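Please consider the aromatic rings of the model shown here, and the charged side chains that accompany some of them.

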Amino acid sequence: MLHRPRRHGLLAGLTALTLLASAACTADTPDPAGSTSSTGPTATPGTGSTTGPGTPSPTPLTPGDPLPNLPAELTPGVSDDAVTDQTYRISLSVPRIPQTPGLTRWLVGQRDRTASTFRSDYGPAKSPTSAELNGDWRLIGASPQVVGVRLSRMELSGASTVDLDTFVWWDVAADRRIPARGLVRGDAWSRLSSEVTRRLGERADPDDLKARLAEPEAPEGAGPAIAFLRDGRMWVGFEPGEVAPYSEGAVSVVLPRAVGDALLSEQGSAARDAAVKPTAVGRPTTSTTAPPTTPTPSTTARPVDCTVERCVALTYDDGPGAHTERLLSTLRSKGARATFFMLGEQASRYPQVVRSVKSAGMEIGSHSWGHEQLTAMTPGALRSDLSRTNQTLSQLTGTPVRLVRPPYGARTAQVDKVSGELGMAEVLWDVDTLDWKYRDPGRLPKDATSAVRPGSIVLMHDIHRSTVDGAPALIDALQKKGYTLVTVSELLGSTQAGKTYSRR
């Protein structure tokens, strides 16, 4: 019998439905017999570009991560609900989906329990090597009947890294969760168990596997999670330590399409179709999110000499998100420019917003892929993370990425070196509005203008509604004091790759 390790930290606060959407099928040519793997996702997910109204075109299987990553626009009115706490180095985001209020409550509750447990376990960050917790989400299924969401978490503590993925399927009409067993016909679970047992073979302890297959999936138990590849095959996954030695990581099985389809319930078939041929969930009854606007050229596309003018650079981190389009509208209407330091994962979720930011004449820089602390990475992992982000942003904008803002402002000689080799200058700040902490739009004009000087770089986050709500008054206050609001590159002029800047 395997000894399952005691859960600690993140694992104690949020028991997973499964760990890691592992590379159950790592080859671009699928194995018709199904396969197993303990390798976690490493490659850039597809963006799900559309070929018709509400129907993303199929994206090819990506080695290391074959599960869907659908555009957030399939859930109209969706917004990111983020907890960002620099004191504890926490950055967790879940979706608020207006069509499924019950799902939103479930996700927010899981997120808050995770953050609370992490704070209790580790306390405030005291050094560059202190623990950190990062989390994001992606849409893995969308239809008027079913929504699928994948939550990804990463906890870093010293030399230890814990990756955790949670898969949630939701019945839109009933507004309730569909458990893994609900995806399978009532009389077919024993056949599913037999298929999984046969395909895992000697890799799994037979007694542990039998016990896990008899349990519901987490958080109620430690049973398997079920998801679907982009070609419709069923993916069945277990947490590390549940059916195989913990050192093997997550363990998963992919069933051939004919086998998996024969096992599915009506809800399971709907979930599969929502992953393979996603369609819009439906219009929300109410939404406070501004609809996307057609970008227009910036009114500030004029030469600016910051050696003469009183220039200030407004910068926004962690996006793009559901509020970014509204911020763009404010900036354009007031003749202001800004720089957006984007997360690669957010950019892949909101590709059209990235294009809107570029079309509006704003500047785009990198903020890493998933907001992990760059100083804790190996050189290879650091280079891979930044290169992956740059590739995604460059493909969406058609221009290379020349600026990077390390998450939490954490940098070392290694971060400087890799950034420089990738052709990027590092941009920090000299004015922190603490918008992530106070969430009060009324504070922004007073706090920012009292600290700003000519040449300042101001830190904010466009994922927070309160920050976007406060943008008009902030811009008015700065312009009233005679400041010209420019991009970082306009403020600094020429920058040197590998060098760090916090103001002009």
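In this predicted model, helix H2, which spans residues 101-122, contains both phenylalanine 118 and tyrosine 122. Four residues separate the two, about one turn of the helix. The model holds four aromatic pairs, and one of them is formed by phenylalanine 118 and tyrosine 122. Their ring centres lie 4.8 Å apart, and the planes meet at 45 degrees. Because an angle that is neither under 30 nor over 60 degrees counts as tilted, this pair is classed as tilted. The surroundings of the two partners can be described as well. Phenylalanine 118 has a relative accessibility of 0% and therefore counts as buried, whereas tyrosine 122, with a relative accessible area of 26%, is partly exposed.

Tryptophan 169 and phenylalanine 228 make up another aromatic pair, with 5.8 Å from centre to centre. Here the planes stand at 70 degrees, and the arrangement is edge-to-face. Tryptophan 169 belongs to strand E8 (residues 160-171) and phenylalanine 228 to strand E10 (residues 225-228), so the contact ties together parts that lie 59 residues apart in sequence. Both tryptophan 169 and phenylalanine 228 are buried.

Aromatic rings also meet charged groups in this model. Over the face of tryptophan 369 lies arginine 388, at 3.8 Å from the ring centre. In a further case, the ring of tyrosine 438 has the charged end of arginine 443 over it, 3.6 Å from the ring's centre.

Notes: Residues are numbered from 1 along each chain as its sequence is written. This is a predicted model: local features need pLDDT of at least 70, side-chain atom pairs count only at pLDDT 80 or more; totals for chains, interfaces and linings use all residues. Side-chain values use heavy atoms; hydrogens and water are left out. Rings of Phe, Tyr and Trp (its six-membered ring) pair if their centres lie within 6.5 Å; planes under 30 degrees apart count as stacked, over 60 as edge-to-face and the rest as tilted. Buried means under 20% relative accessible area, exposed over 50%, partly exposed in between (1.4 Å probe, protein chains only). A charge sits over a ring if NZ of Lys or CZ of Arg is within 6 Å of the ring centre and within 35 degrees of the ring normal.
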